[in-house]
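Reader: I have a structure to study for my course and would like to go through it with you. Could we begin with its pockets?
Author: Certainly; here it is.

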Amino acid sequence: MLLLALLAAPGAAQGVKYLYGSPDLSATISGTNQFAPGAETQIAVIISNSGLNTVKIATPAIPADDQPNTAKLVTVALESTDTPFTVKTDPQFLSDIAGGASATATFDVKIADSAEPGNYVLPLEVTYTYLQDAEDYGDLLRNNYLKKTVTLPLTVRVTPDLQVEILDVHSESLNVGTEGYVYMTLKNIGHDTANKAVAMVTRSGASPLIPTDGNSYIGTFDPGETVDVKFKVSVADTAEPKSYPLDVAVTYEDYEGKTVTSRPATFGLPVGGKIAFEVVSPPSTLYLGQKSILEVVYRNSGAATVYNAQARISAVDPFTSSDDTAFLGDLAPGETATARFEVNVDGAGTEKEYGIDSEIRYRDDLDNSKISDTMKVRVALEQRPGTLFTNPVFLIAVLAVIIGAGYYIFVYRKKQR
């Protein structure tokens, strides 16, 4: 307790005022003081002033400008020496804190991933100035201030948690526009035993990797334990053959029985090229008015094997087909297969090159049914050489001419006799 004395100097006004008091500061954390390793959070600290002015004697003396229990020009700084906490906020100026009042300072704090569970003390250094005494010299009042720094302890607790480390990851059948499997080995490098643990993969931002079966049940997951998990993931058609990110986390019941989720770990997965096909056979020649066999050679120009592939054509005028599907079988990347379609060509068609739409239906590694992009089968229509002499109309006309000529000759010879 400090003494504020207003003493009258010789020749000063009659009367003396005595005032006893000084600031009395304390600090508390607003909200929770429990944090998990690896967390980035804000700690709001309330600085309260419970200092009192215990004695006041009213006299004709000049009153002081400040009360001795007011902490003036307050500056606070949160320290983190020898703790797993990193304070990212510089010291803060809070101005004055009168007796019975409080002020709040907020600090950005990062807890280390490797922080051991337990209690830690963060020192809060508070620097302030207060009125120690004032001297009254009649028309002159002299205030004497004292600067002081106090260290206030703040207790924070690091809680046990589960932290996921990815020891191994590989994928199967992961190509652009398809589904594939992701296999992972996870390790609990935290300090909490996870109960009813479920590993989950989730989309990372705008990544084209989208989980279609993203949960894998673990059960009890002890610190230091490793588990193998499996997920199913699809790849958007717009993706490119390169690596993309995916997030994995574990939802579990913690040491207090609360359902929480670990911080996600991000990893990359390579994606293979799109499954694609192309027509590699040269343009076929078919003949107007004829039924023909159209042979088309397809090649798997993609990056994955397809199974039970079937080619189909879409016959439009002047083409018709009663057999527009052909079985190709399994095709590995680079392999080819020949399809044969029975095609009728209208005799009224135009002699030129046509493009017949074609597609391939197939199954991927996960037995999903897929359909390829549309391909053009080039077909040139021509008049078959020599068809004039096999055309029934032409033959009838020729026969009519022969009969007519024969009749003319018969009649002419008969007249000559």
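Author: This is a predicted model. Its largest pocket holds about 420 Å³ of space.

Reader: Which residues are closest to the centre of that pocket?
Author: They are Ala36, Asp161, Leu162, Tyr252 and Thr261, out of 24 residues that line the largest pocket.

Reader: And which strands each supply at least two residues of the lining?
Author: Strand 13, residues 164-172, and strand 20, residues 259-261, each do so for the largest pocket.

Reader: How do the residues of that lining divide by type?
Author: In the largest pocket, 12 are nonpolar, five are polar and seven are charged.

Reader: What volume does the second largest pocket have?
Author: Its volume is about 210 Å³. The lining of this second largest pocket consists of 14 residues, and those nearest its centre are Lys274, Ile275, Tyr362, Ile371 and Asp373. By type, the lining contains seven nonpolar, three polar and four charged residues.

Reader: You mentioned strand 13. What is the order of the strands in its sheet?
Author: Strand 13 belongs to an open sheet of four strands, ordered 13-14-18-16, and the pairing is antiparallel. The edge strands are strand 13 and strand 16 (209-213), each of which pairs on one side only. On average, neighbouring strands of this sheet are turned by 40° against each other, direction ignored.

Reader: What do strands of a sheet pair through?
Author: They pair through backbone hydrogen bonds, and the arrangement can be parallel or antiparallel.

Reader: How many bridges are there between strand 16 and strand 18?
Author: There are four bridges, and strand 16 pairs with strand 18 (residues 226-235) in the antiparallel sense. As an example, Pro211 has Val233 in strand 18 as its bridge partner.

Reader: Changing topic, where is Thr81 found?
Author: Thr81 lies in the loop between strand 7 (71-78) and strand 8 (85-87).

Reader: Is Thr81 buried or exposed, and why?
Author: Thr81 counts as exposed because its relative accessible area is 58%, and the cut-off for exposed is over 50%.

Reader: How far apart are Thr81 and Leu122?
Author: Thr81 and Leu122 are 41 residues apart in sequence, while their C-alpha atoms are 7.9 Å apart in space.

Reader: Finally, what about the protein as a whole?
Author: The protein has one helix and 31 strands. It consists of 417 residues, of which 41% count as buried. Among contacts with a separation of 6 or more, 68% are between residues 24 or more positions apart.

Notes. Residues numbered from 1 in each chain as written. Predicted model: local features only at pLDDT ≥ 70, side-chain atom pairs only at ≥ 80, totals over all residues. Heavy atoms only, no water. 1 Å grid on protein atoms, 1.4 Å probe; cavity = no way out; pocket = protein on both sides within 12 Å on 5 of 7 lines; lining within 4 Å. Points joined across faces, edges and corners; volume = space filled by probe spheres on them. Nonpolar A, V, L, I, M, F, W, Y, C, P; charged D, E, K, R; others polar. Pairing = 2+ DSSP bridges. Axes fitted to C-alpha atoms, helices over the stretch in contact; angles between N-to-C directions. Buried < 20%, exposed > 50% of the residue type's maximum accessible area, 1.4 Å probe, protein only. Contact = heavy atoms within 4.5 Å.
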